[in-house]
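User: I am new to this structure and would like to learn how to read its features. Could we proceed one feature at a time?

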Amino acid sequence: LHVKLGGDLQNDTAGYVNTESAEDLLGTEIDNGVQWRRARLYAKGRLHRHLDFKFQYDFTAGNPPNLKDAYLNFVNGPIPTVELAVGRFKAPLGLDGYTSPDDNVFMEKSLLSTTFLPSRNTGFMLHGDSPSHRVRWSFAVLQPQANQIDLSDTDELGWSARFAWAFTAGKEDKTLV
């Protein structure tokens, strides 16, 4: 049993000095504010040689559902480069969803990834890579959340897939950076 505990805290704070000219221009007073963007705790690790897990919960108010990740990932099976994830996890679409908030260039993620693409859903995902680790692929079947794509109370399933290939320089097996 191997367990790693961690978390992310991100806070937005703004303070303004209101003047009469600013109030005349805007027609209202601007309020100071403090808001937690992220307050997440997680536990991830390996339960057994063939079973990884992750559980992540977000404590910020007004950001439901607060359960972010809760899945089991079956690894090192009959085909070592193929894995099976079951539970609630990020859909394999784009790179924004897989980029850590620590590595964001801007304060916010792109409008495309936060508005139009699904975030985390419940289902299963088959994913893996080639023995040379130059090709990575994912295929998921997921139950979309009702509030994401206006499915209301349907029982429809969605799917997503991603394929990535690392280019190499010449005959050497060095990945371009």
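User: Which residue in β7 does histidine 127 stand opposite?

Analyst: This is a predicted model. In it, histidine 127 stands opposite serine 138 of β7. The pairing involves β6 and strand β7 (residues 135-143), which run antiparallel and are joined by eight bridges.

User: How many residues lie between β6 and β7 in their hairpin?

Analyst: Five residues separate the two strands of this hairpin. In the turn, histidine 133 has a positive phi of about 65°.

User: Which residue in β6 stands opposite arginine 88?

Analyst: Threonine 122 is the residue opposite arginine 88. Here β6 pairs with β5; the two run antiparallel, with nine bridges between them.

User: How many of the residues of β6 are buried?

Analyst: In general, side chains in a regular strand alternate between the two faces of the sheet. In this structure β6 is mostly covered, with seven of its 10 residues buried. Even so, Phe124 and Leu126 belong to a nonpolar surface patch, and β6 (120-129) is among the elements that give two or more residues to that patch.

User: Why is leucine 47 classed as partly exposed?

Analyst: Partly exposed means between 20% and 50% relative accessible area. Leucine 47 is partly exposed because its relative accessible area is 41%. This leucine lies in strand β2 (residues 33-48) and is one of the residues of the nonpolar patch, which has about 900 Å² of accessible area together.

User: Where does pLDDT stay under 50?

Analyst: Where pLDDT is low, the predicted coordinates should not be read in detail. Residues 173-177 stay under 50. For the protein, the mean pLDDT is 80, and 83% of residues reach 70 or more.

Definitions and conventions
Residues numbered from 1 in each chain as written. Heavy atoms only, no water. Patch = residues over 30% accessible without salt bridge, like charges linked within 9 Å, V, L, I, M, F, W, Y side chains within 5 Å. Areas by Shrake-Rupley, 256 points an atom, 1.4 Å probe, with all protein chains shown as cover. Salt bridge = Lys/Arg side-chain N within 4 Å of Asp/Glu carboxyl O. Helix = DSSP H or I, 4+ residues; strand = E, 2+ residues; numbered from the N terminus. Buried < 20%, exposed > 50% of the residue type's maximum accessible area, 1.4 Å probe, protein only. pLDDT = per-residue confidence, 0-100. Contact = heavy atoms within 4.5 Å. Pairing = 2+ DSSP bridges.
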